[in-house]
Amino acid sequence: MSRIGLFVCHCGINIAATVDVERVAEVVGRDSHVVFATDYKYMCSDPGQQLIKDAIVEHGLDGVIVAACSPGMHEKTFRATAAAVGLNPYRCEIANIREQCSWVHQEEPERATEKAIEIVRTMVEKVRRDEDLVPFELPITRRALVIGGGVAGLEAALSIASAGYPVVLVEREGYLGGKMARLSGTYLNFEAAPDLLQQRVGRVLNHPNIRVLLNAQVTGLEGYVGNFKAEVSGSRVQIPGSNLKPEAPKPETLEVGAVVVATGWDPYPLERLPEYGGGRVPDVIDGLAFEEMLRPGGELRRPSDGRVPREVVFVQCAGSRDPERGVSYCSKVCCMYVAKQAMMFKERVPEGQAYVFYIDIRSAGKGYDEYVQRAMEQHDVLYLRGKVSKIFRRGGRVVVWGADTLAGRPVEVEVDLVVLATAMLPSRGAIPLAQTLHIQTDGYGFYNEAHPKLRPVESLTAGIFLAGAGQGPKDIPEAVAQAGGAAAKVLQLFAQEAMVQEPTVAYVVEELCAACGACVAVCPYEAREIHPVRGIATVNAALCQTCGACVVACPNKASRIHNWEPGQVLAMADVLTEMSS
Amino acid sequence: MRVSYYPGCTLSTKARGYDRSGRAVAAALGVELVELPEWQCCGATFPLATDNSLALIAPTRVLYQAEQAGEQVAALCAICYHVLKRTQTTLERDLEMRERINWFTEQEYQGRVRVVHLLELLRDEPGWDGLAERVTRPLKGLRAAPYYGCLLLRPYDEIRLDDPESPTILHDLLRALGAEPVDFPYNVECCGSYITVKEPKISETMSRDIVASAREHGAQVIVTACPLCQFNLDYPQRETEFGRSGEEIPVVYFTQLMAVALGLPEEDWGLEEYYVDPRPLFRD
Ligand SMILES: Cc1cc2nc3c(=O)[nH]c(=O)nc-3n(C[C@H](O)[C@H](O)[C@H](O)COP(=O)(O)OP(=O)(O)OC[C@H]3O[C@@H](n4cnc5c(N)ncnc54)[C@H](O)[C@@H]3O)c2cc1C
Ligand code: SF4
Ligand code: SF4
């Protein structure tokens, strides 16, 4: 006979307003294996956890069920609670009666209560059969791989290296700095991008802990958090501070414990904006090209005839916020850099005129709105609220048709140069790279974070972190901040003595395994192989995600998961079918 | 190749020249346009009301007839093409609507017929290179401005004939005929369309800009696939009590230029009825 304690949570009114929590405790409490059952307003609160601890000690519990929210929320919390008073944490389980019950059945409180009882009962059957488990410990390779040498990658590399760990920085191009290396001044104070960048690049190249590989790409990644093997091809080793000729490109394998992906962005191709003359009218250029003209040493001249432009139109949201023809998202940086470029243009050509067509101004950020206001008020940049419909050439000039929706009329402006604030796309090659790294992207190719609010710098693959505009449009301060966050996560990993791995993973009952390989084929995480010497299937516990595919695939029931044993699952199913019959 | 053909009302009345030249050039290229045995008006506008089922009935009847006759139906009139194609797309995607209309018409339209414009047919077969080979009288040096308008190309999601912002299909055809396509910025601007019935001043203003732009870019002739565009661009250039400006540009259908280039007899050109007479351009 087990001695299980049941703790039913109200979650304020989240559960209790729909599910009769007292009844759940009362009904399931009658089960002979349940020796203690209660309900409480917030189980996750300190008094709630204390209640669990006290009951474990007082009643000598050998199993705990917390009927509450999803295990994704608080499984860790309650397992730690149980462990604090000496109960093996893997004997503490969550019965999810919030996301899978009260939230979805608000209209039917009675049936919701019945369902909650069923859910908790199945957990009783599981917990009865749970065993003590001990987490695995795995070694950690304390070296990081940073992919992409833009401002985000540089920041991540410097932060990790400065904490004392070696870093390999892999950059596809022959130079460091990414797009920032092509910018002129930067908002908000017009500080020259090349100067800002040069210090960073210098520090990276001279850092004893950083090895920089230029013209290099990551072509393969195997292993798991703490123990990756990365294939890098076409690398030329840049020897810090020396003028030695770079080595001939040669592929190599790097052993690393963590990866930071900072591959950044690429501009939306002008050719995809034919209605704006993109790729057809030489004096229609994109924001990056205009940055290059504004740079120290750059020349502010029209591509067609080399004249200095007097009148310039800036078109915001070119390709952005256009689900029909472009991308649906806002590229976030263009409202700001257009204001910057318009002001820089007016500095150079004080008698000139700058027009900005915009849908609305998105300048959220400290000092950002004031900056745009400055462009309007102190630099006489003429902001016209409306979309541009068409851009074409007339004689030597460029005609822009648009709407002024504030005045309620169509407008035509004839100018010397048009700057399209084109959308930010994920860097070309981001999708294949994501496949190589086994991380996910959204439909556009921006890397997906593990959780949009709480885990913004992690990918869903443990040990792979995200930084910069490759995860979504970002400006420099945001890219740098995210890179710092990613570096902190890497350091957090490296600071552990060993990596602790959950023991609730698949294993193989050796005497039942016929080495048919069915499990190897179905495992989506490449966690299984047929052992070359032992001739049976084996599991790489560090890669197993407990999905259960192999358990179903195995014809001999040799493939199992700790604490999800066939006996447990069948008993859970039995109790359900008994109740409904 | 035999293809069902839906002429539509305008091509049977005001735009006979388009119909005549269209049938003639198709025949010359080995495409027999077989007129649907009993056709009726398609309604001439694609309804944009929230409940548009009533107005979808007429075009669905046409599609039903076409489905009985074969796999595809060709149109020349850009408006008929627009209405039929959008109706077809709508009924292909919206099963409920199809059932509703079928219930009313008591005809089982299956939603399968492919609506094509003659331009599309020719692009596939004989193709532009194939067409160029059959040209016996190349339109050498003719600066022709392809004018696409709206209804032939928009909305892209439902029509999918060519890029509505920077189309090339007429350009390509003109090149195959040996002419020199003139790119001008107004080539996909609206001519005013039906507004010409109610507010002719508005559409005349819109049309004049289009013609003026074509002229500025050196066009000798404007080429269209739409009877309403043809009228809207041609009519404002008519002779008035003040005479003519001398800067008129004739507006013709692409099939008419093809008829000339393929060496067909003058009666197949169908160029008699226009306010600005195009014929002097083609008489040696
Ligand atoms: C016209 C314009 C003006 C701007 N002005 C400002 C401004 O004034 N202030 C501001 O804060 N922001 C500005 N921005 C935004 C700024 O450019 C970005 O925030 C910044 O570039 C993001 O840096 P990143 O490191 O994330 O990406 P990137 O700069 O794109 O760097 C990514 C790096 O990764 C490399 N890479 C890509 N793929 C691979 C791969 N597969 N393997 C290896 N390496 C790879 C690339 O070569 C590149 O070096 C501007 C943007 C534009 C378009
Ligand atoms: S940042 Fe501004 S210009 Fe850029 S897409 Fe968003 S709203 Fe448009
Ligand atoms: S449980 Fe899933 S991830 Fe783990 S070994 Fe089996 S198939 Fe692979």
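**A walk from chain B to ligand 1**

Start by selecting chain B: 56% of its 284 residues are buried, meaning under 20% relative accessible area (over 50% is exposed, and partly exposed is in between; 1.4 Å probe, protein chains only). Before you go on, this is a predicted model, where local features need pLDDT of at least 70, side-chain atom pairs count only at pLDDT 80 or more, and totals for chains, interfaces and linings use all residues. Residues are numbered from 1 along each chain as written, chains are lettered from A and ligands numbered from 1 in the order written, and side-chain values use heavy atoms, without hydrogens or water.

Zoom out on chain B. Its C-alpha atoms fill a box of roughly 55 × 45 × 30 Å along the principal axes. Switch to cartoon view and look for 14 helices and 8 strands (DSSP runs, H or I of at least four residues for helices, E of at least two for strands, numbered from the N terminus).

Now pick ligand 1. Which residues come nearest? Of the 35 around ligand 1, they are Glu171(A), Lys340(A), Ala469(A), Lys474(A) and Ile476(A); "around" here means a heavy atom within 4 Å.

Next, show the ligand's oxygen atoms and look for N or O pairs within 3.5 Å. A backbone N or O atom of Tyr187(A) sits 3.0 Å from one ligand oxygen. For Trp265(A), a side-chain N or O atom is 3.1 Å from an oxygen of ligand 1. The protein covers 98% of the 1,000 Å² of accessible area that ligand 1 has on its own (Shrake-Rupley method, 1.4 Å probe).

Conventions
A polar contact is a pair of N or O atoms within 3.5 Å; within protein, one must be able to donate a hydrogen and the other to accept it, and residues adjacent in sequence count only if both atoms are side-chain atoms.
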